[in-house]
Amino acid sequence: MKNSMLELKNVTRSLGKWNLGPIDISFLQRQITVLIGPSGCGKSTLLRLMTGLLWPDSGMVTFVSKPITLETVQSIRLKMGYVIQDGGLFPHLRAGENVSIMARHLGWDKMRINQRLNELLDLVKLNPDFMGRYPAELSGGQRQRVSLMRALMLDPEILLLDEPLGALDPMIRSDLQHELLRIFHDLKKTVIMVTHDLSEAAYFADTIVLIADGKIVLSGTYGDLLENHQDSFVSRFINAQRQPTETLTRSTA
Ligand SMILES: Nc1ncnc2c1ncn2[C@@H]1O[C@H](COP(=O)(O)OP(=O)(O)OP(=O)(O)O)[C@@H](O)[C@H]1O
Ligand SMILES: [Mg+2]
């Protein structure tokens, strides 16, 4: 039986008039969990609650059974690699400076930083020359790789990725999907990843968590999701994901 890495117990949070929860969920060690659901359903809010960037109104978030509190949040955050939606690279820092910012803050020496940078460049298959460029001088796919390197710099125990492949063209997206899954398997880390895309969720996930309007509708395998057509939201969500291709096929036939 695998142990829980991160757990949300009865978590609620209001943002203006919108309410999230109550959410109960446990993320198991070395599992890949994908959070999926329509825009505005609360995926990014959930990640912010898990990383201690947002506090629950009630309930508790625990990391390896330790509650995330004002006292523990800083040390726990160092064990989490987080890629926010759109990457969040600092535009005024070069890629290498973006990746190493926390390590420098923690006082790592130059040699250790360079050694780790080289390991990560190998892992994400990026040319070292790109480390001297500003984010605006990189392609979308290159920026995603740099964001991932930054999240991995301190060798975190868990990776939280908010739409890491969003806004990429389909071919680059497909290449990066394969790369990312290889990286997850090589690193053997616990991964929580957000996506809009059902086929991407099916490709990555050990467990898919479907969210609607701040609540978990279903948590299970891709097969569980497909079998749950009796739930009207699940079947509407699945059909909505299929529609674009069918529409395209009809209009070009
Ligand atoms: N700071 C805020 N103040 C008020 N409402 C907010 C705030 N941040 C988010 N919300 C609302 O909370 C809800 C959930 O937002 P969230 O960003 O978690 O959605 P999401 O599932 O990540 O959407 P997307 O797929 O578009 O990224 C939305 O209705 C959003 O408008
Ligand atoms: Mg979001």
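Is Gln-85 buried, partly exposed or exposed? Select Gln-85 in this predicted model and you will find a residue that is partly exposed, with a relative accessible area of 35%.

**Stop one: the magnesium ion**

Keep Gln-85 on screen and add the magnesium ion (ligand 2), which is coordinated by Gln-85 through OE1 and by Ser-44 through OG, at 2.0 to 2.2 Å. Ser-44 belongs to helix α1 (residues 43-50) while Gln-85 sits in the loop between β6 (80-83) and α3 (95-105), so the pair ties together parts that are 41 residues apart in sequence. If you colour by accessibility, Ser-44 counts as buried, because its relative accessibility is 14% and the limit for buried is under 20%.

**Stop two: salt bridges**

A search of the whole structure finds five salt bridges, and the tour visits some of them in turn.

Select Arg-116 and Glu-119 and show their side chains, which meet in a salt bridge with an N to O distance of 2.8 Å. Both residues lie in helix α4 (residues 110-124), where they are three residues apart and therefore separated by about one helical turn. Arg-116 is buried, with a relative accessible area of 15%, whereas Glu-119 is partly exposed, with a relative accessible area of 40%.

Next select Asp-155 and Lys-189, whose side chains also form a salt bridge, at 2.8 Å from N to O. This pair links distant parts of the chain, 34 residues apart: Asp-155 is in the loop between α5 (140-152) and β7 (158-162), and Lys-189 is in the loop between α6 (170-187) and β8 (190-195). Lys-189 is buried, with a relative accessible area of 12%, while Asp-155 counts as partly exposed at 45% relative accessibility. While Asp-155 is selected, look at its backbone as well, since this residue has a positive phi of about 50 degrees although it is not a glycine.

Now move to helix α6 and select Arg-182 and Asp-186, which form a salt bridge with their closest N and O atoms 3.2 Å apart. Being four residues apart in helix α6, Asp-186 and Arg-182 are separated by about one helical turn. Asp-186 is partly exposed, with a relative accessible area of 46%, and Arg-182 counts as partly exposed at 25% relative accessibility. Add Glu-179 to the selection, for salt bridges that share partners join Glu-179, Arg-182 and Asp-186 into one network.

**Stop three: the pockets**

Which residues should you select to find the centre of the largest pocket? This pocket has a volume of about 460 Å³, and of the 20 residues that line it, Arg-77, Met-80, Tyr-82, Met-102 and Arg-150 are the closest to its centre. At least two residues of the lining come from each of β6, α3 and α5, with β6 giving the largest share, four residues. Colouring the lining of the largest pocket by class would show 14 nonpolar, four polar and two charged residues. Colouring by domain is also informative here: domain 1 (1-79 + 158-253) and domain 2 (85-155) both give residues to the lining of the largest pocket, so it lies between them.

Turn next to the second largest pocket, whose volume is about 250 Å³. Select Asp-86, Gly-87, Arg-143, Gln-144 and Gly-166, which are the closest to its centre of the 14 residues that line the second largest pocket. By class, the lining of the second largest pocket has four nonpolar, seven polar and three charged residues. Here too the two domains take part, with at least three residues of the lining of the second largest pocket drawn from each of domain 1 (1-79 + 158-253) and domain 2 (85-155).

**Stop four: the backbone**

For the last stop, hide the side chains and follow the main chain, bearing in mind that most residues other than glycine have a negative phi, and most peptide bonds are trans.

Select Gly-21 and Pro-22, where the peptide bond from Gly-21 to Pro-22 is cis, with omega near 0 degrees. Pro-22 has its place in strand β2 (residues 18-28). Then continue to Arg-30 in the loop between β2 and β3 (32-36), a residue that has a positive phi of about 65 degrees although it is not a glycine. Is Arg-30 buried or exposed? Arg-30 counts as exposed, at 54% relative accessibility.

Definitions and conventions
Residues are numbered from 1 along each chain as its sequence is written. Chains are lettered from A and ligands numbered from 1 in the order in which they are written. This is a predicted model: local features need pLDDT of at least 70, side-chain atom pairs count only at pLDDT 80 or more; totals for chains, interfaces and linings use all residues. Side-chain values use heavy atoms; hydrogens and water are left out. Donors are N, O and S atoms within 2.8 Å of the metal (3.2 Å for Na, K and Ca); water is not among the atoms, so sites may look incomplete. Buried means under 20% relative accessible area, exposed over 50%, partly exposed in between (1.4 Å probe, protein chains only). A salt bridge is a side-chain nitrogen of Lys or Arg within 4 Å of a carboxyl oxygen of Asp or Glu. On a 1 Å grid over the protein atoms alone, a cavity is a set of points where a 1.4 Å probe fits but cannot get out, and a pocket is an open set with protein on both sides within 12 Å along at least five of seven lines; lining residues have an atom within 4 Å of a point. Grid points are joined across faces, edges and corners, and a volume is the space filled by probe spheres set on the points. Ala, Val, Leu, Ile, Met, Phe, Trp, Tyr, Cys and Pro count as nonpolar, Asp, Glu, Lys and Arg as charged, and the others, Gly among them, as polar. Domain bounds come from an automatic or database domain assignment.
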